[in-house]
Amino acid sequence: MPVTPSFTHNVQQDLNGNILFYVVDGTIYDPTGSFVADIECNCYNGELLHSNSEFLIVPVPGNCNQYYLIGAGRTSSSGQGDPKPYYVIYDLSTGDVIGTGGAPGNPAIPLPSYFNNNLHHGIIHFAATPLGANNFRFLFISSTENIFRYKITATGIVLDNGPSDGGVTDFVSDLGFYGNGSASMRSEMEVHSFPNNTFLNSTLLYKIAVPLEGSGGSSTGGIRNFIMIASLDMQGIINSSTVKFIDLISGGGTNYRDVKGLEFSPNGKYLYVNTTLHHTFFM
């Protein structure tokens, strides 16, 4: 049964490409479109964990039946809700949605140490890396002014580094960028992983692209739409010398408002960008 999303959707496939389950606006459905469960959240006004921009499905390392469902829920009526990231574990073998306290049916688990502000409005961007040889993935979450790095492990999702403890990056103090991130920025964050440490040298393993809206960076005066691109080492630390801002209203003053889609090419050399007015790519 088709379901039209008002916020976000995502789907999990098996090894043969068949649908295992999918999630629309915080509700889980089986392959036939039948209702499975709502993802409860201690969110504003009893809303489900639906996010406004991206919703992740990530296999639990070492468990073929369990999946982390990661999204954002607004926590107040101020601004556009001061959203915070949460997750649950969905167990295919039992049909349980496991939240706080490790119990089925409990509300979603808030991710630790994340902080935001009302400037960010309704949008949080998420990106996860492939599973590494050490059996964990990096999870990156952007706010208006920061990128937080978490580790996705077999036992949970834990803060690996954030602005409060030295930080992945702080757009204001480190990069001179002031973010806004209005609700129109329903976009995505993208991370590319280079196999066998083949990118540039043996230490830079990931490349990240983050959509931003605000003033600063490569332009000043008024609201701009930017994409920040940077390279990271195998510990998930951004190399400051690789940070670049793409200003999407430069080049003759053309208005490229609102980044929607980002995708790295398979070799990581190109970034493809979809905006509300143009389709383009950058090297």
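Two strands pair if DSSP finds at least two bridges between them. Strands themselves are DSSP runs of E at least two residues long, and helices are runs of H or I of at least four, both numbered from the N terminus. Keep these rules at hand for the tour.

**Before you start**

The model is predicted, so local features need pLDDT of at least 70 and side-chain atom pairs count only at pLDDT 80 or more, while totals for chains, interfaces and linings use all residues. Residues are numbered from 1 along each chain as its sequence is written, and side-chain values use heavy atoms, with hydrogens and water left out.

**Stop 1: the whole chain**

Show the chain as a cartoon. You will find 22 strands and zero helices. Now colour by burial: 52% of the 283 residues are buried, where buried means under 20% relative accessible area, exposed over 50%, and partly exposed in between (1.4 Å probe, protein chains only). The chain exposes about 12,400 Å², and carbon and sulfur atoms supply 51% of that area. Such areas come from the Shrake-Rupley method with a 1.4 Å probe, and for residues only the protein chains shown count as cover.

**Stop 2: the sheet of β1 to β4**

Select residues 27–29, which are strand β3. Three bridges join β3 to β4, and the two run antiparallel. One bridge to look for links Ile28 to Ala37 in β4. Zoom out a little, and four strands form an open sheet in the order β1-β2-β3-β4, with antiparallel pairing. Its edge strands are β1 (9–13) and β4 (35–38), each pairing on one side only. From one strand to the next, the twist averages 20 degrees; the axes are lines fitted to C-alpha atoms, and angles run from 0 to 180 degrees between N-to-C directions.

**Stop 3: a pair of tyrosines**

Show Tyr22 and Tyr29 as sticks. How far apart are the centres of their rings? The centres are 5.4 Å apart and the planes are at 20 degrees, so the pair is stacked. The rule is that rings of Phe, Tyr and Trp (its six-membered ring) pair if their centres lie within 6.5 Å; planes under 30 degrees apart count as stacked, over 60 as edge-to-face and the rest as tilted. Tyr22 counts as buried, at 14% relative accessibility, and Tyr29 is buried with a relative accessible area of 14%. The structure holds seven aromatic pairs.

**Stop 4: strand β11 and its partners**

Next, select β11 (137–142). Is this strand mostly covered or mostly uncovered? Six of its six residues are buried, so β11 is mostly covered. In a regular strand the side chains alternate between the two faces of the sheet. Here Arg137, Leu139 and Ile141 point one way, and Phe138, Phe140 and Ser142 the other way.

Add β10 (residues 125–128), which is joined to β11 by four bridges and runs antiparallel to it. Ala127 stands opposite Phe140 in this pairing. Then add β12, joined to β11 by six bridges, again antiparallel. Across that pairing, Phe140 stands opposite Arg149, and Ile141 has Phe148 as its bridge partner.

Seven of the eight residues in β12 are buried. A hairpin of two residues leads from β12 to β13. Strand β13 (residues 156–161) pairs with β12 in the antiparallel sense over five bridges, and Tyr150 has Leu159 as its bridge partner there.

**Stop 5: the cores**

Which residues touch the most other members of the largest nonpolar core? They are Tyr68, Ile70, Phe126, Leu139, Ile141, Tyr150 and Ile157, from a core of 19 residues. A nonpolar core is a set of buried Ala, Val, Leu, Ile, Met, Phe, Trp, Tyr and Cys residues joined through side-chain atoms within 4.5 Å. A second, separate core of 18 residues includes Ala127, Phe138, Leu212 and Ala230.

Centre the view on Ile141. Leaving aside neighbours within four places in sequence, its contacts (heavy atoms within 4.5 Å) include Pro85, Leu111, Phe126, Tyr150 and Met189.

**Stop 6: an aromatic cluster**

Finally, select Phe136, Phe138, Phe140 and Tyr206, which ring pairs link into a cluster. Both Phe138 and Tyr206 are buried. Phe138 lies in β11 and Tyr206 in β17 (residues 204–216), so their pair ties together parts that are 68 residues apart in sequence.
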